[in-house]
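Dear colleague,

I am passing this structure on to you, and I would be glad if you could read the notes below with the coordinates open beside them.

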Amino acid sequence: MAVKILSVDDEMDLELLLTQYFRRKIRKGEYEFVFAHNGLEALTMMVKHPDIEIILSDINMPEMDGLTLLAKVNEMRNPALKVIMVSAYGDMGNIRQAMNNGAFDFATKPIDLDDLSVTIEKAIEQINYVHQMQKEHTQLESLKGDLAIASEIQQAILPRVFPPFPDLAPKIDIAASMTPAKDVGGDFYDLFRIDDNRVGFVIADVSGKGIPAAIFMAVSRTLIRATGIRGGSPADCITYSNRLLAQESVDCMFVTVFYGIIDVNTGEVTYCNAGHNPPYILKHKGDISPLPMSTDPMAGAIDGITYHEGTLKLEKGDALVMFTDGVTEAMSTANEEFGEQRLEDTLEDVAMHNCQQMVEAIKADVAAFAGEAEQSDDITVLALKRL
């Protein structure tokens, strides 16, 4: 598209001079000139031609001078509209005022058209830069809106109503929370009924951050849920899920997973730990201890892995607290990690509390420890207690 230039000058011969000098660019469709003879006419022309991008304005004109016109242009707050002031060399005071008031550049009469051509080209470069920045800003705003929607969708697919199974509320207490470090996260948790007596529960942490991790998170969650809900063992579920994830993994992404099944009548838990942080068992007598460290790798990294499983029993009043490394690796402003010892101290304080209170206490202690430090990783906690 042609760059549209508005020339504002009460000297009629300037119109002929400009159209003659820039005739080649006008014929090629690079420049298009429109003309006004004072500031009021210029404002009218700007309404008629809203795509004007450069204004060549004389300072001394009848009815409305160039400085007043410049002030009106500034009120439009259009960074892509550049004003080049034109005046006699002896009027340097007004030229300085114009430059201080936001004029892009100036030219003195009699006009050196070669110099003016360079000034116009320089203005066009600035205009193109502004347009590019505006385009990128629009794209970023659109992306920001998309991320906000994605964040809502991601939170919506995680169980958020607790207790999740009202008919089992007298037998087990469950609560969970996921706080992403960015708009969307790679952590997730899930809960699903397998049959009348068994409940599957999952906590997982995808490698990486942001949109790629969120997409891999959604795929991993769907795959594990769809496989686990069939009722197979946790080891078989993760072995099958790993095979599919490894075959489809992009950029070597993987996910650490702790998947367990609890029999709500007996408290028996069968679990498979694929490279995830060992959860803590909180005994009703007050003892706190982590499960053994996993010897199986994360899911999605290596095809052909056969995963193993372990068992434990929750007595009445016992709880199992699971978390992602965003908890223990949360950093303070002094670059110190929250660590496992602080987590254990928190768990000791809330061992007798319900699961929602446990989750909230862990989040609160991590937030208090981090202070003003930026959250660097997703923070997810899942607590399950046999009543």
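What follows is an account of two sheets, a helix and the cavities.

This is a predicted model, in which local features need pLDDT of at least 70 and side-chain atom pairs count only at pLDDT 80 or more, whereas totals for chains, interfaces and linings use all residues. Residues are numbered from 1 along each chain as its sequence is written, and side-chain values use heavy atoms, with hydrogens and water left out.

One open sheet consists of 5 strands in the order β2-β1-β3-β4-β5, with parallel pairing; strands here are DSSP runs of E with at least two residues, helices are runs of H or I with at least four, and both are numbered from the N terminus, while two strands count as paired if DSSP finds at least two bridges between them. At its edges are β2 (31-36) and β5 (105-109), each of which pairs on one side only. Neighbouring strands of this sheet are turned by 20 degrees against each other on average, direction ignored, where axes are lines fitted to C-alpha atoms, for helices over the stretch in contact, and angles run from 0 to 180 degrees between N-to-C directions. Helix α1 (residues 13-21) packs on the sheet and touches β1, β2 and β3, with its direction at about 180 degrees to that of β2; contact means heavy atoms within 4.5 Å. Within the sheet, β1 (residues 3-8) and β3 (residues 52-58) pair in the parallel sense over 5 bridges, and Ser-7 stands opposite Leu-56 in β3.

Ser-7 also belongs to the lining of the largest cavity, as do Asp-9, Phe-35 and His-37, among others. A cavity is a set of points on a 1 Å grid over the protein atoms alone where a 1.4 Å probe fits but cannot get out, and its lining residues have an atom within 4 Å of a point. The largest cavity has a volume of about 50 Å³, a volume being the space filled by probe spheres set on the points, which are joined across faces, edges and corners. The elements giving two or more residues to this lining are α1 and β2.

The other sheet to look at is open, with 5 strands in the order β6-β15-β14-β11-β12 and antiparallel pairing. Since β6 (172-179) and β12 (288-290) are edge strands with a single partner each, one side of each is left without a neighbour in the sheet. Strands β11 (residues 280-282) and β14 (residues 319-323) pair in the antiparallel sense over 3 bridges, and the bridge partner of Leu-282 in β14 is Ala-319.

Best regards

How values were computed. 1 Å grid on protein atoms, 1.4 Å probe; cavity = no way out; pocket = protein on both sides within 12 Å on 5 of 7 lines; lining within 4 Å.
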